[in-house]
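Student: Could you take me through one part of this protein up close? I'd like to look at the open sheet and whatever packs on it.

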Amino acid sequence: MAEKVLVTGGGGYIGSHCVLELIEAGYQPVVVDNFSNAVREGDVPESIRRIEKLLDTSIEFHELDLLDRPGLEKLFKKHSFSAVMHFAGLKAVGESVEQPLRYYRVNLTASMNLLEVMQAHKVHNLVFSSSATVYGDPQHLPIDELHPVGGCTNPYGKTKFFIEEMIKDHCTAEKDWNAVLLRYFNPIGAHSSGLIGEDPQGIPNNLLPYVAQVAIGRRKCLSVFGNDYDTPDGTGVRDYIHVVDLAKGHIAALKKLKDDCGCKVYNLGTGRGYSVLQMVKAMEKASGREITYKIAPRRGGDIASCYADPQLAEKELGWKAQFDLEKMCEDLWRWQSMNPTGFTNGTAS
């Protein structure tokens, strides 16, 4: 019997790619999502419907907000989960600066509900979707897991830091708990089929979806937020990781839980940084199209450079990013060109 893994936020960009990898690795995902950033197709997210088609399988899905404690209890009474992968939450840096209380209420309360219901139903294995934003403005580069955390430059990052602290404290108090906290750098790209990818609702908050939408003609111009950072070309430098590499990191983390590992923290990144303008050039090459951009003022909460030291994940999880920048951009462009308006009215279905 395949192990059941609860995937919160499984209709979203990263969650859906992890659902696909879970199935291919022999697990049985049960997906919950509240459609805050997932496109609906009837009663299920379009991303899940497409995975079912791609893998010729069926996936159990429940529309559920983790703030709905009774609904969460009902789900745990129905199933015997071996582990939980927790992706659900609000995630836009700029929006979190403008709406901090909303971010604290949604992200922290949802995570506390989840942990308490897991504890009540004796589900003690967790993989948490964290972020490199917990490191704040880097004191040294590349960033390893020993880098100080908590000096976050925006409320979104603070929510990830606070959730990490909750999980760490809980694992200290409850010795039979195991948790892996995965600090993502910048996921981009899409599944090579072109069937699933990143389809942000409204104006994209992240660079690459916006660049791809400019390339496809959905948006006229990219705003580059700041060109006076202390970087080679003045624009922000980030570590971009292929979303499929990221998803495979979650499978490795799930296996690590079997070792009764306690609470572990790993960076998931490539170890190399690229600037905004380098990413624009890479997407121009992948798409064969010119990408119009303009320089705009710096955005609140942003930092100059951030890239990972991913060696610990390679050493302890046996995981290493496989895909280079060219592959990331090729897969992103395949997704965007097959789905010019995203999941809605995309040609891929």
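Tutor: Let's go through the sheet strand by strand, then see what sits against it. Keep in mind that this is a predicted model. To set the scene, UniProt lists residues 6–331 as "domain: NAD(P)-binding", in an unreviewed entry. Over that stretch the chain is 40% helix and 19% strand, and the C-alpha atoms at its two ends are 27 Å apart.

Now the sheet itself. It's an open one with seven strands, and if you walk across it you meet them in the order S5-S2-S1-S6-S7-S8-S13, with parallel pairing. Strand S5 (60–63) and strand S13 (263–268) are at the edges; each has a single partner strand, so one side of each has no neighbour in the sheet. The strands don't line up exactly, either: on average, neighbours in this sheet are turned by 20° against each other, ignoring direction.

Want to zoom in on one pair? Take strand S6 (residues 83–86) and strand S7 (residues 125–131), which pair in the parallel sense over three bridges. Find Met85, and you'll see that its bridge partner in S7 is Val127.

Next, what packs on the sheet? Helix H8 (residues 243–257) does, and it touches strand S1 (4–8), S6, S7, strand S8 (178–184) and S13. Compare directions and you'll find that H8 makes about 160° with S8. So when you turn the model on your screen, look for the edge strands S5 and S13, each with one side left without a neighbour in the sheet, and then for H8 packing on the sheet.

Technical notes. Residues are numbered from 1 along each chain as its sequence is written. This is a predicted model: local features need pLDDT of at least 70, side-chain atom pairs count only at pLDDT 80 or more; totals for chains, interfaces and linings use all residues. Side-chain values use heavy atoms; hydrogens and water are left out. UniProt positions are given in the numbering used here, feature names are shortened, and annotations may be inferred rather than shown by experiment. Helices (H or I, at least four residues) and strands (E, at least two) are DSSP runs, numbered from the N terminus. Two strands pair if DSSP finds at least two bridges between them. Axes are lines fitted to C-alpha atoms, for helices over the stretch in contact, and angles run from 0 to 180 degrees between N-to-C directions. Contact means heavy atoms within 4.5 Å.
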